[in-house]
Amino acid sequence: MNYIPEKRHPSEYKEEDLRVLAERIYELDTKVYEHLGSSLGRVFTKDRERCVEELVWEMLARNQGHIVRSDLALISNMARTIRDRQVKKELMIEYDKILSDVTSLPTSFAEGDVLNEQRSRLNKTNLHTRFSEKDHTIICIGRTFGSGGSEIGFTLADKLKINYYDAEIFSEVLRRLEAEKDHVHDKGGFPYILDQENKDRYVDTRPAFATEQKVTFHQKLKEFSRYHGLPKKDAIFFNQSQLICDMAKKEDFVVMGRCADVILANNKIPHISIYITAPFEQRLRRVMSVNPRLSEKKAREMLNRLDKKHVRYFKFYTGLEWGKAMNYDLCVNSASYGIQGSVDMILRMFKGEEE
Amino acid sequence: MSIAFCIPFIGILLCIAVMPLVKGEWWERHQPLVAAFWSLLFIIPFGIVFGAGEAAQTVLECIIGDYLSFIVLLFGLFCVSGNITMEGDLAGSPRVNIILLTIGTLLSSLIGTTGASMLMVRPVIKMNSWRRHRKHIMVFFIFLVSNIGGCLTPIGDPPLLMGFSRGVPFFWSLHLLPILLFNMLVLLFIFYWIDRKKYCREIARGRVPDISKPGTRISIKGLHNLIFLAMIVAAVILSGILPDLPVFQTSEGTVKGIHIFGEVTLTFPVMIEMAIILLAAYLSFRTTSGEIRKKNHFTWGAIKEVAVLFAGIFITMQPALMLLKSVGGELGLTKPVQMFWVTGALSSFLDNTPTYLVFLTTSGAMEFTNGIITTLGQIPVGMLTAISCGAVFMGANTYIGNAPNFMVKSISDENGIHMPSFFGYIVWSFCILVPVFLLDTLVFFR
C-alpha cells in the first residue's frame, strides 16, 4: 500500500516536525553510507547537528525546497547500488516515505514579521529565553583600522572578565599547521593602548590578510603539501574557523575580526556581532597620533589600502559585504562615543539584557 | 536512403535527454526496453525496404565491427581503474582542480581519453567531496580529459587510431600540441574563475575541508593495476597495427577472421584486442582486494547503463552514417574551417570514428598534390589538422559525443554529484566550448 502523508496547513507545521524529518533524511544517508562502505558519494559530510540544521532551514526557506529533493535523489542514487536486496528494499521504502513527506510540505512558511528567526536565534541577547546555560558569551568585533576597535574589544573583555583573542588564534593555527612562525606575522590590526607593556609587539606588524611574501618554487611545493593543496590563506582560514568553533564550545571570549561572526553563524553558535568604525578623518588622526613616524600621505594610503583589503578578505571568505550594517547586530561609530564610551554602551546593552 | 530512417536515432537521443527528467525511476528500470524499441523501429522498416538480409548485415556489422570492441574497451578500463583507489587529504580547491585537470588532459594522449577519464574521475570526485556544487568540475573534466586531451597521439582517441591505420604517421598528431595547449589554457582559465566563484560560495556557507592533520598524505592502492592498464593500451595500439600485417590479411587484401554473416567478419586483430583487454580485466579483479572496490564505490551501474544505451545508439545511428558516407563527398568541403566545423558538428552526435573516416576519405579523394601521404591519398596538413581536431574536440559537445562522456556522467551521478541533464550539458558546451572553438577557427583554421 502506498504511503500517503497527511496534508497540513503551513501554520500547523512546527519546526520540531521539520527537525524530525531532517533527522530522518540524515539517518537515511548515514545508513546508505554504512551499507556501501564508501564515503565517495556521501551527501551529508558534516556533523549531524549542523546537517540537520541546514536541512530544516532549506525546508523552511521558500526557494530552497528543491535542494532537499535533490539531496534525496542523490541518496537514492547511492541506495540503489546496495547489493543486499533486503537492505536496499528497506532503505528505498524509507526513502519513498521521506520523499512523500518532503513533497507534501507547503511551498512557503512565510509570515509578515521582518524577524529572521535563524539570525535572531544566534543573537546572544536572546539567550535568556532561547538557550541553555551551557552556551558561552562570545562577542565578535569587526572594525576599521584606526577606529579603536581593538582597544574597545580588549577593554570589553577586561570588563567582562573573559578572554580576548586576536593574534593568539593565528598563532594557534600556525602551530596546528606546523608552519614556520618566523615567516608569518599577525599581531592584530592596531596596537592597543591598554597593552602598554608589550607595545613593541604591535608596531610594524601585519594583519592576517596582508600580502604574502614572495617564496621560491621549492617553498611553494612544501607549502602545497603542508596546506593540503590549498592556498596558505585559505588553509589558515579553515583552521581558524575550526579553532574558533572549538573555543566557542569551551569558553566565553571576545574575538577580533577573522570573520568570526560569519563562521559562528554558519556553525549555528550564538554570539553577538559588533562592527566598529569612525569617520575617515578621525581614523587618520588617530593613526597618526599613535604612530607619529607616519606622514599624513602614508597614513592615508595605508588606511585606504587596508580598508580595500578588509573588504576583499571579508567578501572572499563570507560572500558578504564588510561593514554593511545589515550584516551585524550592532554598529558603533566610535567617534561619537570614544573608546570608553563605546565600551560602556555595549556593556549597558549587554548587562541590561542579563538583568 | 530516406532521412526518415534517422527518426529512431533522434527518438533514442530524445529519450536519453528527456526521460530522466520526467520519469526518472521508470527510465532507470526500462532502459534496455527503450533501446530495443528504437532499435527495432529502425531494423524492421529497414528490413522491409532493403530486405531482411541487408538489415541483418547492417546490424551485425555495427555490433560486431564497432560496438563489441567499443564496449569491451570501455569495460576493461572501467574494471581496471575501479581497482585503483587514491586516499589522501588533498582538498579540492581551484588550484588543485586545475592541476588534476592538467594531469588528466595530458594523460589522455598517453592512455586514451577513456583510460584517463576512468583513472582520474574518482580521485577528482573524492578530493572535492567536501564541496556541494561540483557539476562544473565534472563538465570541464569531460571537456578536457574525456575529449580534447586525446588529440596528441593515435592512442588518445579512436579516430586518430583509424587515421594511423590509414597511413597517417604515428607521431604526426604531436603537431596538434599548440592547438591543445591553446584550448587547455583558455578552458582552464575559464574553469578557474567559475571554480573560484563556486569555491568562495562554499566557504561563505561554512563548508570546510578536513585539513585537521598537518601535512598532506596521499596513498594509492592497487597501483599494480597500472600494468593491466598498459596491457589495454597495448591492445588498442595492436588493433591499429595488426590489420596491416600480411599475416592477418587474405590474398584479396581483406583482414582475416571468423565469418559471421554476409560480409560481416569478426577479425582476428579485433579478437586479439578483446582477448587482451578481457584478460587484463580478469587479472585485475583476481589480484585486487575487494576492499579497494568498496572504497571506490565500484558498481556495475555505470557500465551497464552505457552498454545498454550505446547498443541502441550504435544501431539507430547507422542510417545517419550511411547518409553521411553517401553525401560526405558531395558537401563541397574544401577548406580546413569547413572540415573543422562539419566534422565536429557531426561528431557531437554521431560516432566520431566513422565521421573522421568519411571526411578523411573525402579529403584523400580531392587529389591534393601536397601534404601527408596516406593510403587514402595526399591530405594537406591544414585539412588533416581540421578533421582531427573537429572529430576529437567536438566529441565534448554532448554526452553521447564520446564514450567516456557518458561514463563520467554515470559515475558522477552515482557518487553524489548532480550532473546536468542532456540538454543542460549542451547549454554548458554551447556557452563555453563553442566560443573556444570559434577562437580556434580564428587562430588556426582561417
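Does A:Lys161 count as buried or exposed, and what is its number of C-beta neighbours inside 10 Å? Keep in mind as you look that this is a predicted model. A:Lys161 counts as exposed, because it has 7 C-beta neighbours inside 10 Å, and the cut-off for exposed is 12 or fewer. You'll find A:Lys161 in the loop between α7 (149-160) and β2 (163-165) of chain A. Its backbone is worth a look too: phi of A:Lys161 is near 55°, a positive value in a residue other than glycine. Most residues other than glycine have a negative phi.

Chain A has another residue of this kind. A:His228, in the loop between α9 and α10 of chain A, has a phi near 60°, again positive without being a glycine. Its surroundings are another matter: A:His228 is buried, since 27 other C-beta atoms lie within 10 Å, and 20 or more is what it takes to be called buried.

Those two helices of chain A bring us to where the chains meet. The contact takes 33 residues from chain A and 35 residues from chain B. On the side of chain A that touches chain B, the elements giving two or more residues are α3 (65-79), α8 (167-177), α9 (217-226), α10 (232-248) and α13 (296-318) of chain A. Of these, α10(A) gives the most, with 6 residues. If you sort that side of chain A by class, you get 11 nonpolar, 17 polar and 5 charged residues.

Now over to chain B, which has 17 helices and 6 strands. How compact is chain B for its length? Its radius of gyration is 22 Å, close to the 22 Å that the globule rule gives for 446 residues, so chain B is as compact as a globular protein of that length. Along the principal axes, its C-alpha atoms fill a box of roughly 70 × 45 × 45 Å. Buried residues make up 51% of the 446 residues in chain B. Sequence-distant pairs figure heavily here: among contacts in chain B between residues at least 6 apart in sequence, 81% join residues at least 24 apart.

Let's walk along helix α2 (residues 24-50) of chain B. With 27 residues at 1.5 Å each, α2(B) should span 39 Å, and its end C-alpha atoms are 37 Å apart, which agrees. Even so, α2(B) bends by about 70° at B:His30, with a proline, B:Pro32, following within four residues. The buried residues in α2(B) include B:Gln31, B:Trp38, B:Phe42 and B:Phe46. Among what covers the buried residues of α2(B) are α1 (7-22), α3 (52-82), α11 (301-316) and α12 (318-327) of chain B. Just after α2(B), B:Gly51 takes a positive phi of about 100°.

What about the nonpolar interior? In soluble globular proteins, nonpolar side chains tend to be buried together. The largest nonpolar core here has 167 residues, and B:Leu74, B:Phe141 and B:Met407 have the most contacts inside it. Helix α4 (residues 94-127) of chain B supplies the largest share of this core, 13 residues. Setting aside neighbours within four places in sequence, B:Leu74 is in contact with B:Thr114, B:Ile303, B:Val306, B:Ala403 and B:Met407. A second, separate core of 26 residues includes A:Leu28, A:Cys51, A:Leu55 and A:Met78.

B:Phe141 leads us to helix α5 (residues 135-144) of chain B, which is mostly covered, with 8 of its 10 residues buried. B:Phe141 is one of those buried residues, as are B:Met138 and B:Ile142. The buried residues of α5(B) pack against α4, α7, α16 (403-414) and α17 (422-444) of chain B.

For a close-up of that packing, pick B:Val408 in helix α16 of chain B. B:Val408 is buried, with 28 other C-beta atoms within 10 Å. Beyond its neighbours within four places in sequence, B:Val408 is in contact with residues including B:Met138, B:Phe141 and B:Ile142. B:Val408 and B:Arg122 are 286 residues apart in sequence, yet 9.4 Å apart in space, C-alpha to C-alpha.

Finally, try B:Val186, found in helix α7 (residues 177-204) of chain B. B:Val186 counts as partly exposed, because it has 15 C-beta neighbours inside 10 Å. Not counting residues up to four places away in sequence, B:Val186 touches B:Val436 and B:Leu439. B:Leu433 is 247 residues from B:Val186 in sequence and 9.9 Å from it in space, C-alpha to C-alpha.

Technical notes:
Residues numbered from 1 in each chain as written. Chains lettered and ligands numbered in written order. Predicted model: local features only at pLDDT ≥ 70, side-chain atom pairs only at ≥ 80, totals over all residues. Contact = placed C-beta atoms within 7 Å. Nonpolar A, V, L, I, M, F, W, Y, C, P; charged D, E, K, R; others polar. Expected span 1.5 Å × (residues − 1). Bend = angle between axes of the 7 residues up to and from the residue. Rg over C-alpha atoms; globule rule 2.2 N^0.38 Å. Core = buried A, V, L, I, M, F, W, Y, C linked by C-beta atoms within 7 Å.
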